[in-house]
Amino acid sequence: MDFGVAMFPTDYSIGVVQLGRALEEQGFESLWLPEHTHIPTSRLSPWTGGGELPRHYSHSLDPFVCIGAVAAATSSLKLGTGICLVIERDPITLAKEIASVDQVSNGRFLFGIGGGWNREEMEHHGTNPKLRWRVLRERILAMKEIWTKDEAEYHGDFVNFDPIWSWPKPIQKPHPPILMGGDGSFASAGLLEYCDEWLPHPERTDRSFADRIDEMNRRSAEAGRGPIPVSAFGSRADPSAVEGYQSADAKRVIFSVPSAPAEEVLPTVKRYAEMIKSFR
């Protein structure tokens with residue numbers, strides 16, 4: 001089982017390069033960065049975490065810029081989006097960005113995606129929230145065409161382009177792993193149709209994590225697929241919880257660290273590293 005760390009990189013927190021180097025030195029497998037281009041001041045969409053929206057949501061740096069910087073400063077650390085809001089990005093441009101970061105990182109990119117929760121944010125990018133899962137599906141399928149074909153084209157309801165040339169192609173073949181965040185009905189359907197791995201929060205429902213994994217693997221078998229690799233995102237950082245994730249056959253456990261200065265984050269990283277030694 002591998003271990004990763006997620007953080008909202010901001011203009012007031014530890015630099016991502018310093019964090020990435022510390023994670024690699026401490027033996028972590030991966031660093032995960034979320035995405036919000038902005039937060040509408042209307043605040044009509046309730047935060048899924050409940051209560052007031054934390055400051056880091058409106059101060060977050062662009063994940064791909066950060067991933068490029070960390071890739072240049074590390075050699076083995078995998079770098080993922082946790083998650084990328086594909087519904088807020090042009091698929092041709094995003095396909096280029098992902099292929100480029102996979103190139104500069106020498107095949108270390110992990111593509112975590114999701115449908116998003118902030119409806120006003122989506123609308124500012126021209127996406128109808130009611131249609132976001134259909135938009136997400138077409139953009140992912142279109143990017144797969146770009147990554148895997150010398151002359152790619154896609155014709156759908158939301159993405160439509162005639163044959164194009166677009167290089168570089170990703171180092172990872174056929175493309176970087178695509179991990180679906182969440183386990184609602186639309187996310188589950190998308191996972192089974194066009195994703196490679198699952199990125200759920202292990203504690204967000206009343207059902208046990210193991211039961212949820214068993215159910216997803218049953219559905220995967222019915223769809224003609226094998227077991228789906230699972231990464232527990234936003235995991236509880238205590239040994240009993242990690243034991244539970246391990247017994248549920250999670251491939252990866254991802255802890256969170258706060259968007260805070262180095263003097264707060266680095267001791268947390270060290271504490272996590274000490275805790276997981278017995279699980280390696």
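**Close-up 1. The largest cavity in this predicted model.** The space enclosed here comes to about 30 Å³. If you're hunting for others, the structure holds one cavity of 30 Å³ or more. Around the largest cavity you'll find His 36, Leu 85, Glu 88, Gly 116, Trp 117, Asn 118, Glu 121 and Met 122. Sorted by class, this lining has three nonpolar, three polar and two charged residues.

**Close-up 2. The largest pocket and the residues at its centre.** This pocket offers about 1,100 Å³ of space. It has 37 lining residues, and those closest to the centre are Thr 48, Tyr 57, Trp 117, Arg 204 and Phe 233. Three elements give two or more residues each to the lining: α2 (56–59), β3 (78–84) and α6 (132–148). As for the mix of classes, the pocket lining has 16 nonpolar, 15 polar and six charged residues. Spotted Trp 117 already? It lines the largest cavity too.

**Close-up 3. Helices α3 and α4, packed together.** Here α3 (residues 63–73) meets α4 (residues 91–104), with the axes 9 Å apart and an angle of about 15° between them. Angles under 35 degrees count as roughly parallel, so that's the word for α3 and α4. Their crossing is left-handed. On the α3 side, the contact is made by Phe 64, Ile 67 and Ala 71; α4 brings in Leu 94, Glu 97, Ile 98, Val 101 and Val 104. By class, that makes seven nonpolar residues, one charged and no polar ones.

Methods: Residues numbered from 1 in each chain as written. Predicted model: local features only at pLDDT ≥ 70, side-chain atom pairs only at ≥ 80, totals over all residues. Heavy atoms only, no water. 1 Å grid on protein atoms, 1.4 Å probe; cavity = no way out; pocket = protein on both sides within 12 Å on 5 of 7 lines; lining within 4 Å. Points joined across faces, edges and corners; volume = space filled by probe spheres on them. Helix = DSSP H or I, 4+ residues; strand = E, 2+ residues; numbered from the N terminus. Nonpolar A, V, L, I, M, F, W, Y, C, P; charged D, E, K, R; others polar. Axes fitted to C-alpha atoms, helices over the stretch in contact; angles between N-to-C directions. Parallel < 35°, antiparallel > 145°, perpendicular 65-115°, else oblique. Left-handed = near helix turned anticlockwise from the far one by under 90°. Contact = heavy atoms within 4.5 Å.
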